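Student: I have a new structure to look at, and I would like to understand the words people use for it. Could you go through it with me?

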Amino acid sequence: MKTEPAIKTAKTCYEHLGGKLGALVLEQFVKKGWLAKGKDTDKNYFITPLGEMEFEKLGVDLKKL
């Protein structure tokens, strides 16, 4: 019987990117300063002013979020 790896390289979960690829994308957005948390203990991230500019350059319509 074939077993699947614990974490897939890329997968979707509901309507977002998950798996290893999703984790790596999130890590890079945080490292570049596009996303941040108010406090380390916060569950959610927010889009920084730099992130707003950079996502717009990529053609992401943030008003749809």
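Student: Where is the place of T48?

Tutor: Happy to help, and please keep in mind that this is a predicted model. T48 sits in the loop between strand 4 (46-47) and helix 2.

Student: What makes T48 buried or exposed?

Tutor: The word buried is used under 20% relative accessible area. T48 has 10%, so T48 is called buried.

Student: Which residues does T48 touch, not counting those up to four places away in sequence?

Tutor: They are G33, W34, L35 and A36. G33 is also the residue that follows helix 1, and its phi is positive, near 85°.

Student: How do you know that the reach of helix 1 is close to what is expected?

Tutor: Helix 1 covers residues 19-31, which makes 13 residues. From its first C-alpha to its last it reaches 19 Å, and at 1.5 Å a residue 18 Å is expected, a close match.

Student: Which residue of the nonpolar surface patch lies in helix 1?

Tutor: V30 lies in helix 1. The patch is formed by L26, V30 and Y45, which together have about 220 Å² of accessible area.

Student: Why is V30 called partly exposed?

Tutor: Its relative accessible area is 35%. Buried would need under 20% and exposed over 50%, so V30 falls in between and is partly exposed. A patch residue needs over 30%, so the 35% of V30 meets that cut-off.

Student: How many salt bridges are there by the rule?

Tutor: The count comes to one. K57 forms a salt bridge with E54.

Student: Why is the pair of K57 and E54 called a salt bridge?

Tutor: The rule asks for a Lys or Arg side-chain nitrogen within 4 Å of a carboxyl oxygen of Asp or Glu. The closest N and O atoms of K57 and E54 are 3.2 Å apart, so the pair meets the rule. In general, side chains of opposite charge can pair when their charged atoms come close.

Student: How are K57 and E54 placed in helix 2?

Tutor: They are three residues apart in helix 2 (residues 49-57), so about one helical turn separates them. In an α-helix, residues three or four places apart point the same way, because there are 3.6 residues a turn.

Student: Which of the two is buried and which is exposed?

Tutor: K57 has a relative accessible area of 65%, over the 50% cut-off, so K57 is exposed. E54 has 18%, under the 20% cut-off, so E54 is buried.

Student: In what order do the elements of the protein chain run?

Tutor: From the N terminus on, they run β-β-α-β-β-α, with two helices and four strands in the chain.

Conventions
Residues are numbered from 1 along each chain as its sequence is written. This is a predicted model: local features need pLDDT of at least 70, side-chain atom pairs count only at pLDDT 80 or more; totals for chains, interfaces and linings use all residues. Side-chain values use heavy atoms; hydrogens and water are left out. The expected span of a helix is 1.5 Å times one less than its number of residues. Patches are made of residues with over 30% relative accessible area and no salt bridge: like charges are joined within 9 Å, nonpolar side chains (Val, Leu, Ile, Met, Phe, Trp, Tyr) within 5 Å. Accessible areas come from the Shrake-Rupley method with a 1.4 Å probe; for residues, only the protein chains shown count as cover. Buried means under 20% relative accessible area, exposed over 50%, partly exposed in between (1.4 Å probe, protein chains only). Contact means heavy atoms within 4.5 Å.
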